Amino acid sequence: METRELRYFVAVAEELHFGRAAQRLGIAQPPLSRAISRLERRLGAVLLERTSRAVTLTEAGAVLLREGRAALYAVEAAERRTRRAATGHHGVVLATKAGASGELLAKLLDAYAAEPDAVSVDVLLCGIGEQERLLRDGRADVALLHLPFDATAGLDTEELHTEGQVLLLPAGHPLAGRPHVRIAEVAELPDLPLPRWPGPDGTYPSGPGPQARDTAQLYQLIGLGRACAIMPESCGDHLRGGIAAVPVLDAPPVTTVIAWPPHSRSKAVADLVRTATGL
């Protein structure tokens, strides 16, 4: 398969609409439809079910969407890392979610800077779920990810820290004074819906909750009484006034891992990982 064909298919699979996908790609719809049909014939598999009303993914199409994204990320990563090497850049780019793992990140940077062969570490702060994509497409060399929320398939990882989760809500809410809550109680708060985060394609799922792209937006929404959120308990360590944190007894634990591409041969990345696991 050619990367052009993969880009065409991924666009259609994410949009589930040939017209929107063609507009996104900057091409006309008829050649896009023909390209997808040629791809299906060559693979011997139906990738998309088409009706007059909707386009849906088949099981084979879902597999190609997952694998196609990974392949396109790998191509982008090869290009970016090659260009960085050509400029003589020898530092490490570390991607992490803004507002998460702050204490761990500070300790890691300080400990690594004390190593005799340490290089510069550029910290790339990003929104919810973006650090995985930055790592896969080559904009980052290493990332702090959080299980079970971030996908680590195809990456090498080391576990660093496991913690519980808390409910963040306005300090004046009746639940704010409770010693703990359960997930079912959170789901029954019509006045404080959970936020909606963007997916890999940047679009938001439908639902009653407000849209949020990063923790700064989230904290403001909670402070205004427009939303609540279940977050790792470390997020409650440095909350501003007006927001309370209540432990959620039955929320799954969150494990912070340091992740890097399995084919990486960077000594700096290896040293940074070794420092992180030694903390």
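Which side chain meets that of Glu-15 in a salt bridge of 3.2 Å, N to O? In this predicted model, the partner is Arg-24, whose side chain meets that of Glu-15 at the stated separation. Before this pairing is placed in its surroundings, the overall architecture is described.

The protein contains nine helices and 10 strands, and its C-alpha atoms fill a box of roughly 60 × 55 × 25 Å when the dimensions are taken along the principal axes. Of the 279 residues in the protein, 40% are buried. Where contacts between residues at least 6 apart in sequence are considered, 65% of them join residues that are at least 24 apart.

The salt bridges are considered next. Side chains of opposite charge can pair when their charged atoms come close. The structure holds 15 salt bridges, and several of the residues concerned, namely Glu-14, Glu-15, Arg-20, Arg-24 and Arg-69, are linked in a network. Within this network, Glu-15 meets Arg-24 in the salt bridge of 3.2 Å introduced above, and the side chain of Glu-15 also meets that of Arg-20, with an N to O distance of 3.5 Å. Glu-15 is partly exposed, its relative accessible area being 22%; Arg-20 is likewise partly exposed, with a value of 41%, and Arg-24, at 41% relative accessibility, also counts as partly exposed.

A further salt bridge is found in helix α9, which spans residues 267-278. Here the side chains of Asp-271 and Arg-274 meet at 2.9 Å, N to O, and the two residues lie three residues apart, about one turn of the helix. Asp-271 counts as buried because its relative accessibility is 9%, which is under the 20% cut-off, whereas Arg-274, at 46% relative accessibility, counts as partly exposed.

The region around the network also includes a residue with an unusual backbone angle. Most residues other than glycine have a negative phi, and most peptide bonds are trans. Leu-16, although it is not a glycine, has a positive phi of about 50°, and its place is in the loop between α1, which covers residues 3-15, and α2. With a relative accessible area of 35%, Leu-16 is partly exposed. The peptide bond from Leu-147 to Pro-148 is cis, with omega near 10°, and Pro-148 is placed in the loop between β5 and β6, the latter strand comprising residues 156-163.

The packing of helices was examined for α2 and α3. Two packed helices are described by the angle between their axes and the distance between the axes. Helix α2, comprising residues 18-25, packs against helix α3, comprising residues 29-43, at an angle of about 105°, and the axes of the two helices are 9 Å apart. Because an angle of 65 to 115 degrees counts as roughly perpendicular, α2 and α3 are described in that way. On the side of α2 the contact is made by Phe-18, Gly-19, Ala-21, Ala-22 and Leu-25, while α3 contributes Gln-29, Leu-32, Ser-33 and Ile-36. When these residues are sorted by class, the contact has six nonpolar and three polar residues, and no charged residues.

A charged residue is found at a buried position in the loop between α6, which covers residues 130-136, and β5, which covers residues 142-147. This residue, Asp-137, is buried, with a relative accessible area of 2%. When its neighbours within four places in sequence are left aside, Asp-137 is in contact with Tyr-73, Glu-76, Ala-77 and Arg-80.

Finally, the cysteines were inspected, and the structure was found to hold zero disulfides. Cys-126 is in no disulfide, since the nearest cysteine sulfur, which belongs to Cys-235, is 13 Å away, whereas a disulfide requires sulfur atoms within 2.5 Å. The sulfur of Cys-228 has its closest cysteine sulfur in Cys-235 as well, at 14 Å, which is too far for a bond. Cys-126 is buried, with a relative accessible area of 6%, and Cys-228, at 0% relative accessibility, also counts as buried.

Note on methods: Residues are numbered from 1 along each chain as its sequence is written. This is a predicted model: local features need pLDDT of at least 70, side-chain atom pairs count only at pLDDT 80 or more; totals for chains, interfaces and linings use all residues. Side-chain values use heavy atoms; hydrogens and water are left out. Axes are lines fitted to C-alpha atoms, for helices over the stretch in contact, and angles run from 0 to 180 degrees between N-to-C directions. Helices (H or I, at least four residues) and strands (E, at least two) are DSSP runs, numbered from the N terminus. Angles under 35 degrees count as roughly parallel, over 145 as roughly antiparallel, 65 to 115 as roughly perpendicular and the rest as oblique. Contact means heavy atoms within 4.5 Å. A salt bridge is a side-chain nitrogen of Lys or Arg within 4 Å of a carboxyl oxygen of Asp or Glu. Buried means under 20% relative accessible area, exposed over 50%, partly exposed in between (1.4 Å probe, protein chains only).
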